Amino acid sequence: SLALLRALGPGKGVWISEFQGGGFTLGRPILYTGKQMALEMNAAFAHGIEGLIYYRWDPLLTGPEPWINAMTAVDTDDTEKRLTLKQGIAELREFEPILDEGRSIAPSVGIFLTREQVVHASESGGALGATMSGIYSMLTALGYEAGFVLDEFDPDDCPFDAMIFPHMDIAAAMVPAIR
């Protein structure tokens, strides 16, 4: 999901809203545990996100929402989610110089989508999100870095070793370039 967000706005900053509630999940409802939040925080930094901001909820000021996301409890701030995330942040502190200067590995596999498909993904009942997530996860599990190519594909100016075209709705004008 982070790679897709970056492809939608190349060269722009990426904002992940409601990260504490489950992140950018392409429509799949999920409520992260503390460990999942720490893993996603690492993934965000690995994808070049420059920072994550976690703010403190005070149940007296904001009502029940903090309890729903399990960042605070009715009578304490020491929830599993909050404590595990704090530990994950502390463990990253020693790597701050790497995070400040490091760069992600350049992807070797491209996944082609049209911007229209991404914008209207929810209309396909989650099939596109599941396909993209599955392809990206499979490539990652096999040790490949993947990136997304949106709207245009030029075989003469392609930085990838391989391209995946995971849908059947390809414009006829693109077929020669794909071949």
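Which residue in strand 2 is the bridge partner of F112? I started my notebook with that one, and the answer is V149. A reminder to myself before going on: this is a predicted model.

**Entry 1: the overall layout**

I looked up the elements of the protein chain and found 9 helices and 3 strands. From the N terminus on, they run α-α-α-α-α-α-β-α-α-β-β-α. The chain has 179 residues, and 31% of them count as buried. About 11,500 Å² is exposed, with carbon and sulfur atoms supplying 57% of that area. I also checked contacts between residues at least 6 apart in sequence: 64% of these join residues at least 24 apart.

**Entry 2: the sheet**

Next I went back to the strands. They form an open sheet of 3 strands in the order 2-1-3, and the pairing is parallel. Strand 2 (146-150) and strand 3 (162-164) stand at the edges with a single partner strand each, so one side of each has no neighbour in the sheet. From one strand to the next, the twist averages 30 degrees.

I then took the two pairings in turn. Strand 1 (residues 109-113) pairs with strand 2 in the parallel sense over 5 bridges; the F112 and V149 pair from my opening question belongs here. Helix 8 (residues 127-141) packs on this sheet and touches strand 1, strand 2 and strand 3. The direction of helix 8 makes about 175 degrees with that of strand 1. Strand 1 also pairs with strand 3, again in the parallel sense, over 3 bridges. For V109, the bridge partner in strand 3 is A162.

**Entry 3: strand 1 on its own**

Is strand 1 buried or exposed? I counted 5 of its 5 residues as buried, so strand 1 is largely enclosed by the rest of the structure. In a regular strand, side chains alternate between the two faces of the sheet. Here I see V109, I111 and L113 pointing one way, while G110 and F112 point the other way.

**Entry 4: helix 2 against helix 5**

Two packed helices can be described by the angle between their axes and the distance between those axes. For helix 2 (residues 34-46) and helix 5 (residues 80-92), I noted an angle of about 35 degrees and axes 7 Å apart. Their crossing is right-handed.

Which residues of helix 2 and helix 5 meet? From helix 2 I listed G34, K35, M37, A38, M41, N42 and F45. Facing them in helix 5 are E80, K81, T84, L85, G88, I89 and L92. Sorted by class, this contact has 7 nonpolar, 4 polar and 3 charged residues.

**Entry 5: two loop residues**

I picked T79, which sits in the loop between helix 4 (65-68) and helix 5. T79 has 12% relative accessibility, and because the cut-off for buried is under 20%, T79 counts as buried. I also looked from T79 to G34: they are 45 residues apart in sequence and 8.8 Å apart in space, C-alpha to C-alpha. G34 is familiar from the previous entry, as one of the helix 2 residues that meet helix 5.

My last stop was D151, in the loop between strand 2 and strand 3. What is notable about the phi of D151? The value is positive, about 75 degrees, although D151 is not a glycine. With a relative accessible area of 34%, D151 is partly exposed.

Note on methods. Residues numbered from 1 in each chain as written. Predicted model: local features only at pLDDT ≥ 70, side-chain atom pairs only at ≥ 80, totals over all residues. Heavy atoms only, no water. Pairing = 2+ DSSP bridges. Helix = DSSP H or I, 4+ residues; strand = E, 2+ residues; numbered from the N terminus. Axes fitted to C-alpha atoms, helices over the stretch in contact; angles between N-to-C directions. Contact = heavy atoms within 4.5 Å. Left-handed = near helix turned anticlockwise from the far one by under 90°. Nonpolar A, V, L, I, M, F, W, Y, C, P; charged D, E, K, R; others polar. Buried < 20%, exposed > 50% of the residue type's maximum accessible area, 1.4 Å probe, protein only. Areas by Shrake-Rupley, 256 points an atom, 1.4 Å probe, with all protein chains shown as cover.
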